[in-house]
Amino acid sequence: MTVSQTFAEFAANCHAPSGAREAARRCLLDTLGGTLAGGVEMPAAGLARVLPADGPCRLLPRGVSDVRTAALINGMAAHTVEVDDIFREGLYHPGVCVVPAALAVAEAEGAGGGSLIDGIIAGYEVSNRIARAVNPAHYRYWHTTATVGHFGAAVAAGRVMGLSAAQHAHALGTVATMAAGLRHAFSAGSMTKPLHAGRAAEAGVLAALSAKAGVTGVMDMFEGVRGFGAAMSEDVDWQATTASLETEWTVTQMTQKFHACCGHNFAALDAIGILMAEHGIAAGDIDTIDVGAYRATVDICGEPAPRTAEGARFSLPYCAGVMALRGAVVPGDFSDTALADPSIRDIAAKVTVTEDAKAEAAFPARRSAMVTIRTQRGATHSHRRPTRKGDPDDPLSDAELMAKFHGLANPVIGADRARQLAEALATLDTIEDVRTLPLHAPQARAAE
């Protein structure tokens, strides 16, 4: 049996335990909050104005479209404000690809909440394993969410559609040839990165629809001599990748973000907060902040003077300035007003980011950082943060996750509608038709 066929059998037939279903519901809540917040921003809001505006599927927070366009635009929205979940071992954000694909198909078909959860779990379990298998080598050039997200979206969409195992295998074979997305898109503060997630969600839906229509795919697209593993990674052990299906549920191992920026910043931001609280350091007391981090943080997040919101979310110096001044990093910290704030820029200019050997050795299994703050009076305080708030070993509580959701959703759809949505998601397995979920903003509240 090929890798595609093994994954396909699992995708068509898996039955997750209650703990995995609850974890998937948390992931859905988390992803919908980010999608609502991102849906009123570029690039999702811009494309929603020029792509089809008729169909059975809702765009968040308002509008409708066909199933593929809904997956595309909602996927972009989910990835825009950088609050999306992370599978740490795979350097991967599954929710922004899997959830929009599964939701679009569920709305197109009038599926129940239980079916939606089944699709999300299948998509997470297959794509998380692929991400873990091909990394870290894959991440040198490829954005894992853009590439591996295609597989997660195809499986999620196919499970909601009720594809057979054979059809799932053809969908995986087909979508493998579409999987792309270069990590260089992070570097210029462009809007391309969110498009990666949306395109993966859309392509996954297309591949599942193609398989349902009888379109065939190559069965060994993972392990073949010119397949995904050979072309985009090194020495992948595909047998080990599939061995834990049905015994390990990776959806229970997700990171839910605590800060609204790139996850490579998080350990350092946590450490800054800890040091300032423990030693009574005010922002005005800071002389320098030295951050020692793993290599990906240095490469991706070292820009000291970002010019755009997109670039600022990936700038550790900028985010450190926000953290020092405000004690948290939230979506509003990337507004034009915040970007022009000289007090943030002043602290950002005091931050250095260099590689730390211990942090690099622990990567990607652990995301750590060593932070030293020197004060204007000459005191020096250091803290090594071994993980990140929100990681599986320091997870967000249900209350913290709910507060995050409301912080994202309330400004867009209103507190009452957000509360109704959260309550509906709590009993999602009992909902007969996901089209009854209160996902849209009331007309009077919707952002223009």
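**Exercise 1: two helices side by side**

H5 passes H7 in a right-handed crossing. Work out how the two helices are oriented towards each other, and which residues of H5 and H7 make the contact.

*Solution.* We're working with a predicted model here.

Step 1. Two packed helices are described by the angle between their axes and the distance between the axes.

Step 2. For helix H5 (residues 95-109) and helix H7 (residues 144-161), the axes come within 7 Å and cross at roughly 25°.

Step 3. Angles under 35 degrees count as roughly parallel, and H5 and H7 are therefore roughly parallel to each other.

Step 4. Now the residues. H5 brings Val96, Cys97, Val98, Ala101, Ala102, Val105, Ala106 and Glu109, while H7 answers with Thr145, Gly149, Gly152, Ala153, Ala156, Ala157, Val160 and Met161.

Step 5. Sort them by type: the contact of H5 with H7 has 12 nonpolar, 3 polar and 1 charged residues.

**Exercise 2: a pair at another angle**

Find out how H1 is oriented to H8, and which residues meet.

*Solution.* Step 1. Take the axes of helix H1 (residues 3-13) and helix H8 (residues 165-175): they come within 8 Å and cross at roughly 130°.

Step 2. That angle makes H1 oblique to H8.

Step 3. As for handedness, the crossing of H1 past H8 is right-handed.

Step 4. On the H1 side you'll find Ser4, Gln5, Phe7, Ala8, Glu9, Ala11 and Ala12, and they meet Ala165, His168, Ala169 and Leu172 of H8.

Step 5. By type, the H1 and H8 contact splits into 7 nonpolar, 3 polar and 1 charged.

**Exercise 3: putting the sheet together**

In what order do the 4 strands of the open sheet come, and which are the edge strands?

*Solution.* Step 1. Begin with E3 and E4, which run parallel and are joined by 5 bridges. Across this pair, Val291 stands opposite Val353 in E4.

Step 2. E3 also joins E5, through 7 bridges, and these two run antiparallel. Ile289 has Ile373 in E5 as its bridge partner.

Step 3. Strand E5 (residues 369-375) then pairs with strand E6 (residues 380-385), antiparallel over 6 bridges. Two partners to look up in E6: Ser382 for Thr372, and Arg384 for Met370.

Step 4. Check the link between E5 and E6: they form a hairpin with 4 residues between them, and Gly378 in the turn has a positive phi of about 95°.

Step 5. Read off the order: E4-E3-E5-E6, an open sheet with mixed pairing. Its edge strands are E4 (351-355) and E6, each pairing on one side only. From one strand to the next, the twist averages 15°.

**Exercise 4: helices on the sheet**

Which strands does H15 touch, and which does H12 lie across?

*Solution.* Step 1. Helix H15 (residues 316-326) packs on the sheet and touches E3 and E4, with its direction at about 130° to that of E4.

Step 2. Helix H12 (residues 266-279) lies across E3 (286-293), E5 and E6, and runs at about 135° to E6.

**Exercise 5: the whole chain**

How many helices and strands are there, and how does the radius of gyration compare with the globule rule?

*Solution.* Step 1. The secondary structure comes to 20 helices and 6 strands.

Step 2. The globule rule gives 22 Å for 448 residues, and the radius of gyration is 21 Å, close to that, so the protein is as compact as a globular protein of that length.

Step 3. For the overall extent, the C-alpha trace spans about 70 × 55 × 40 Å along its principal axes.

Technical notes
Residues are numbered from 1 along each chain as its sequence is written. This is a predicted model: local features need pLDDT of at least 70, side-chain atom pairs count only at pLDDT 80 or more; totals for chains, interfaces and linings use all residues. Side-chain values use heavy atoms; hydrogens and water are left out. Two strands pair if DSSP finds at least two bridges between them. Axes are lines fitted to C-alpha atoms, for helices over the stretch in contact, and angles run from 0 to 180 degrees between N-to-C directions. Angles under 35 degrees count as roughly parallel, over 145 as roughly antiparallel, 65 to 115 as roughly perpendicular and the rest as oblique. A crossing is left-handed if the near helix is turned anticlockwise from the far one by less than a right angle, and right-handed if clockwise. Contact means heavy atoms within 4.5 Å. Ala, Val, Leu, Ile, Met, Phe, Trp, Tyr, Cys and Pro count as nonpolar, Asp, Glu, Lys and Arg as charged, and the others, Gly among them, as polar. The radius of gyration is taken over C-alpha atoms; the globule rule is 2.2 Å times the number of residues to the power 0.38.
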